4 protein chains.
Amino acid sequence: MTERVVLAYSGGLDTSVAIGWIAEETGAEVVAVAVDVGQGGEDLESIRKRALACGAVEAVVADARDEYADEYCLPALQAGALYMDRYPLVSALSRPLIVRHLAEAAKYHGATTVAHGCTGKGNDQVRFEVGIGALAPDLQVIAPVRDYAWTREKAIAWAEERDLPIDVNKRSPYSIDQNVWGRAVETGFLEDIWNAPIEDVYEYTADPAQPREADEVVITFERGVPIAIDGTKVTMLQAIQEMNQRAGAQGVGRLDMVEDRLVGIKSREIYEAPGAIALMTAHEELENVTLERDLARFKRQVAQRWSELVYDGLWFSPLKNALDSFVLSSQEHVTGDVRMVLHGGRATVTGRRSSQSLYDFNLATYDEGDAFDQSLAKGFVQLWGLPSKIAAKRDLQGDTPPQSRD
Amino acid sequence: MTERVVLAYSGGLDTSVAIGWIAEETGAEVVAVAVDVGQGGEDLESIRKRALACGAVEAVVADARDEYADEYCLPALQAGALYMDRYPLVSALSRPLIVRHLAEAAKYHGATTVAHGCTGKGNDQVRFEVGIGALAPDLQVIAPVRDYAWTREKAIAWAEERDLPIDVNKRSPYSIDQNVWGRAVETGFLEDIWNAPIEDVYEYTADPAQPREADEVVITFERGVPIAIDGTKVTMLQAIQEMNQRAGAQGVGRLDMVEDRLVGIKSREIYEAPGAIALMTAHEELENVTLERDLARFKRQVAQRWSELVYDGLWFSPLKNALDSFVLSSQEHVTGDVRMVLHGGRATVTGRRSSQSLYDFNLATYDEGDAFDQSLAKGFVQLWGLPSKIAAKRDLQGDTPPQSRD
Amino acid sequence: MTERVVLAYSGGLDTSVAIGWIAEETGAEVVAVAVDVGQGGEDLESIRKRALACGAVEAVVADARDEYADEYCLPALQAGALYMDRYPLVSALSRPLIVRHLAEAAKYHGATTVAHGCTGKGNDQVRFEVGIGALAPDLQVIAPVRDYAWTREKAIAWAEERDLPIDVNKRSPYSIDQNVWGRAVETGFLEDIWNAPIEDVYEYTADPAQPREADEVVITFERGVPIAIDGTKVTMLQAIQEMNQRAGAQGVGRLDMVEDRLVGIKSREIYEAPGAIALMTAHEELENVTLERDLARFKRQVAQRWSELVYDGLWFSPLKNALDSFVLSSQEHVTGDVRMVLHGGRATVTGRRSSQSLYDFNLATYDEGDAFDQSLAKGFVQLWGLPSKIAAKRDLQGDTPPQSRD
Amino acid sequence: MTERVVLAYSGGLDTSVAIGWIAEETGAEVVAVAVDVGQGGEDLESIRKRALACGAVEAVVADARDEYADEYCLPALQAGALYMDRYPLVSALSRPLIVRHLAEAAKYHGATTVAHGCTGKGNDQVRFEVGIGALAPDLQVIAPVRDYAWTREKAIAWAEERDLPIDVNKRSPYSIDQNVWGRAVETGFLEDIWNAPIEDVYEYTADPAQPREADEVVITFERGVPIAIDGTKVTMLQAIQEMNQRAGAQGVGRLDMVEDRLVGIKSREIYEAPGAIALMTAHEELENVTLERDLARFKRQVAQRWSELVYDGLWFSPLKNALDSFVLSSQEHVTGDVRMVLHGGRATVTGRRSSQSLYDFNLATYDEGDAFDQSLAKGFVQLWGLPSKIAAKRDLQGDTPPQSRD
């Protein structure tokens, strides 16, 4: 029987050409797999037809937007995942979902190999290959762009030679990846890190500097899940979509940063993630109200490690599973409403209320009704400071003979 | 000889009354100590005179603004210190400086006791008393407001009885603490955490929602110290002041959060820290360019612990010292320029350049001149993912007999 | 109705006297609660009778040894909990169990107050009171020894006056706490930290220096639970008891350390925990074989925080719950056998085998059958070292002009 | 000019053969560099002569034992570096020193390339190559065993063909690496992890099970440096050597573990490190006496990260430097004496005394002279437990309407 290769297919030039090229090079049949994670653009049916027209024996397309929102974006929201304290892992979250679809397609269609179009200097190759290794360790992986130095120019020549149904002229000056959780832009003039981005770079967000009316929103969470916006029930996908639209219209969620790639270099990235940033801002403040202090402090370390792991391609890994258990436990009481004003690029929390609040008005107030027993403080302060006080006595003393009783 | 008490003196009602009250209650002479950390308001000479008029035997006033900027704000900037990832420790930084002045005055004036005006439910009592314990462990501490349930009403009555030169009618509806690093506002209607703050609450920042021209600034750092703004040399104090003015005029640096106090309760705080937030934003991005990845990752944990320690009153502590050594080491190459746009409440980095940059255009570019050897990636990816791949094989296998070779 | 106080009752002098003293001082009825956590000594029925003879209106005794082993010792084993990397939390684990029994008794018997016999400078007062606060926040707590400066001398006088059925002459020169997880000894001549302990101090362990035959044992774990010893099924309690006996006979598990108490002082402690140390040693090595590397690395941080929390009295706390979720997830594959030699104070692992092993002979061997593809290493090493190499180039270069392309 | 290659030379079969092989394959001149880090065996002069006899154009030998002890072992001692809480990094510490000598020799002798004899599945290739990259980023690296699949059989044939002065019959059944800090043994029958090691495996330690007299030793530290043993001044090298001898004679310091290699596999290792383990045990207990609690707690995390970095080949890295600054700061007061009994495989601390002690007899004692004010404890306990108590009230309440004052 002929070998089969499952290809992560986007519908664009590179992967369209890859269908035929892989078939020729390896003699295998190519199964194209395209997944909708909210990247917009063409409809899935057009993509499916193009894959077949380019020589795929099978073309699988899937609307995975709800799956992506529920199983990838939501855990990131609950973890508070910001790589380098800023980047909401836009691309890093979508890769494991695509990997899962590739692995399933490979099993279903009897493929022995998976192919992807990533280069050899980015993070995505790691996310694809480590992910495949973790879900289907027996599959082989090929990466034409990286392993065969396949270039855009070669791809265009190949496409024109074979008269493939691809518009080879459509080309952004940037390298772009986008899905419902956000949008990443790199390369071009942005590679000079002293250059400021221009408006042209952005698609998910309006210019925050333009005057417009503010937008006030109330987001309701239940156990860390956004379940309603302004009182209307939403799914996770709807929550992201609505906040993408409303926060995006206010210019919320633009990021411009130099970031540490797993492969050892620094790169400059522009992100837009209006929905993600707005939801995370609200969620974080609700945690401030409902998480106990020690839990909140340790959770920051968990959030950092979770973010690094996922950025570094280790979504499917034993540590990620264990951290997820921690995060899930932490969300038990993250229930309540957050009111937020979206305006001028800012998502500002202005109110929070919760049946699970640990903010106790009677303990906090300096007004009538104060229930805090201030007489307890003296002893607390004394013992809290005792270790550093004992150390201070030692440090101030200079050298003295050792303390032996006899 | 008569005992002496050194009192942390602000010039306001509570501590003015405390001078006489402490003298009466304890029979001691009171030495008032007032420190200018950039809180603005009255000049030091007026404060000094009022202290004497209220009965102090000595009144010491000190302009400690440069000391505060250089020895307290700068380490916080370099540490990247944001308590709960948000609060730049405005009040927490000034307390240890005041403590140092109190301890020195106590030594100089032969006092055995230090007094402060903090309540028993806030963090500042801890910072004062733990700080005193660490600098002068033999000093006693008294806290009239906390230990003798001294209230504002009692203070007014006392002041009027004795005809003290204090305006007892001047009163903010809020409890406010401010210095050059920022401003903290609490209590009043803000104690209902569903209430939004009103413009009236703010002093350091203009309303970010008002239309105005953007302001572009270039900040130059050398080894983590801001040394120039738009090419003009500045001291740390000048850097903060100028950025307070310019970022404040653009509405940058407002914070509204529920926060975990050391004494075990949650409180709601409004902060304004335009200069601190602008400088920290620039510094963080310069670190993104100049810090090696592993160092940057671990430094986040150090930043969190540093912030917690300082928030929790442990500025003078062995762990703080050791963390400072780490931070200092990390700053060796944090040298370069950051260009930033201040506008509409946002401080947005738009460019960075550095002789110490670890961003390597030739490794990062996807254009001509690419020096990254992509052939290295395959081996890297394989071994990077090997532990999770081995785990996956195990997890997918189900139970099998143990692996013994014989 | 008469108020009721539930007293944590040990059967010894202090708490026997406390029954009558609390009744007299407060006018309340005293309910004595004694819990068997494997401390040995008197049978529960004798203790119950003494409580009644001393004036308790009710005396509740419970054999909680299995509960203690399953719900307190096992989580500690799985967490790898060693405070300061050494102390297996002997006393710290038993307190929350006792607290749970006290809270239940208080509810059942309608008490409003709980009493304990701890001093004001130890950790146990914290564990009792913080535990009660977390399980039954409405209960009051009284601590006669601490709050009323009750001393041994007063207790003896009181007992003799009232002719209580207590042997007031039986007294150890040490302060001792023991249960099935181990034994803690402090005070007396041990308070001079230059003094070595003498054999007299130990009860759970034989002198490791005495010659004797070694004892080889195979412990079988399933998902982190010891389920068999030398092939015979055991409960957790039986596992601890058998290993206490066998490892204790070989002098395993003695500890002598200066430790940081929560109340801010250092104290000197002698511990014996033969069963705990032997089981933890075996469990740790089985984790070495079955836990993936990143999980194992992060779990060390979790183990440290878990240990600190439990030592510090925060067994019943939101962070502890979330850490437990992490630990439970980590134990999924901790299944297999560990062979260990007990001898001369050492518990030495000599073999391990597991159906869940991640040790892969074919990848590890340097012999025939080597399946590791060494050609992957070069790329891995290059990219692994790339960040420090780029940093080295920067550091070696001296200052050069900033990298801007134009 | 002829190219030159600097070869890390051990004097053994593989690297002796490599001299000629590299010369033939590359046409370069080979400079052999051998470094004495206390591995024992042949004298340096014999090694030097053999290198020349095998065809090296230059042979550099260096006694680096003091350098190794002072600059590599001492930082590890002070950091408390135990990889996976057990392994004192025996091989991992020596590699960066050798790298430094190689880089210096390359510079001095004008070489463009460095060669080492490591395989492609171990950690040492990483330590060599990442180290070279960090010290001399322009040098090339070749690894014949890994990159040209050079085997022992090929090496023997090559040596016999050319009649090289090497004894090809001398061969351990194990793969061994040793230096003054310890000894590592792997492969052979040990690759079956169920097999127990046999006495034959050990060289640095006597059988702990044999009866013998105990040995008592007092080690004096100053700022974390062992400066005297039993009152006699020692250098760091002498301290390790004497403790290797004395602790080794008592069977102290044997380890048998499955460990996580950086290249992604688990391996089984036997270590002997009598001096290292004895010194670390003493040092750790002196830290228990002299380090303030918070510092000690955070230092554990630093120790773990330091160990992982060094194990993973990142000795020369920015994070390692910054962690060293932390550690150095922590050692300021680690001064005093530790008395230890070495016997039967155990190194047991029995006493400690220090002019810098934070153990305060008067605060710790339960006897006369107790200076601890127990009345402070109540307030401390109440506020310490307040967050979990507030959380408990919330958790016990069930759902109630949100807390808004109006």
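**Paired chains, domains and an annotated site**

Of the residues of chain D, D:Gly344 comes closest to the rotation axis, with its C-alpha at 3.1 Å. The contact residues of this chain largely recur in its partner: 99% of those of chain D are found again in chain C, and the same surface serves both copies. The model is a predicted one. A turn of 180° with a shift of 0.0 Å along the axis lays chain D on chain C, and the RMSD is 0.1 Å. The contact between them draws 80 residues from chain D and 79 residues from chain C. On the side of chain D that touches chain C, 36 residues are nonpolar, 22 are polar and 22 are charged.

Chains A and B form another pair. Chain A superposes on chain B after a rotation of 180°, with 0.0 Å of shift along the axis and an RMSD of 0.0 Å. The two copies are thus related as by a two-fold rotation axis. In chain A, the C-alpha nearest this axis belongs to A:Gly344, at 3.1 Å. Of the interface residues of chain A, 99% are also interface residues in chain B, so the copies meet through the same surface. Each side is counted in turn: 80 residues come from chain A and 80 residues from chain B. The side of chain A that touches chain B comprises 36 nonpolar, 21 polar and 23 charged residues.

Within chain A, two domains are assigned. Domain 1 takes in residues 4-63 and 90-168, and domain 2 covers residues 181-353. Their C-alpha centres lie 29 Å apart. The contact between them uses 14 residues from domain 1 and 18 residues from domain 2 of chain A. On the domain 1 side, helix H4 (90-108) and helix H5 (124-135) of chain A are the elements that give two or more residues. H5(A) supplies the largest share of that side, 6 residues. By class, the domain 1 side divides into 8 nonpolar, 4 polar and 2 charged residues.

A UniProt annotation also falls in this part of the chain. The unreviewed entry places "domain: Arginosuccinate synthase-like N-terminal" on residues 4-165 of chain A. This span is 52% helix and 15% strand. The C-alpha atoms at its two ends lie 23 Å apart.

The unreviewed UniProt entry also annotates a "binding site" in chain A. The annotation covers A:Ala8, A:Tyr9, A:Ser10, A:Gly11, A:Gly12, A:Leu13, A:Asp14, A:Thr15, A:Ser16 and A:Gly117. These residues span 110 residues in sequence, yet no two of their C-alpha atoms are more than 12.8 Å apart, so they gather at one spot.

Two of the annotated residues can be followed further. A:Ser10 sits in the loop between strand E1 (4-8) and helix H1 (13-26) of chain A. A:Ser10 counts as buried because it has 21 C-beta neighbours inside 10 Å, where the cut-off is 20 or more. Leaving out residues up to four places away in sequence, A:Ser10 touches A:Thr15 and A:Ala34. A:Asp14 lies in helix H1 of chain A. A:Asp14 is also buried, with 21 other C-beta atoms within 10 Å. With the same exclusion of residues up to four places away in sequence, the contacts of A:Asp14 are A:Gly117, A:Val145 and A:Ala155. Of these, A:Gly117 is itself part of the annotated site.

In chain C, helix H5 was examined on its own. This helix runs over residues 124-135 of chain C, 12 residues in number. At 1.5 Å a residue, H5(C) should span 16 Å, and its end C-alpha atoms are 16 Å apart, which agrees. H5(C) is mostly covered, with 12 of its 12 residues buried. Among them are C:Asp124, C:Arg127 and C:Glu129, together with C:Val126, C:Phe128, C:Val130, C:Ile132 and C:Leu135. The cover includes parts of two chains. Chain C contributes helix H4 (90-108), strand E4 (113-115), strand E5 (140-142) and helix H6 (144-147). Chain D contributes helix H13 (377-384) and helix H14 (386-397).

Definitions and conventions. Residues numbered from 1 in each chain as written. Chains lettered and ligands numbered in written order. Predicted model: local features only at pLDDT ≥ 70, side-chain atom pairs only at ≥ 80, totals over all residues. UniProt positions renumbered as here; feature names shortened; annotations may be inferred. Helix = DSSP H or I, 4+ residues; strand = E, 2+ residues; numbered from the N terminus. Least-squares fit on C-alpha atoms with pLDDT ≥ 70 in both. Contact = placed C-beta atoms within 7 Å. Expected span 1.5 Å × (residues − 1). Nonpolar A, V, L, I, M, F, W, Y, C, P; charged D, E, K, R; others polar. Domains from an automatic or database assignment.
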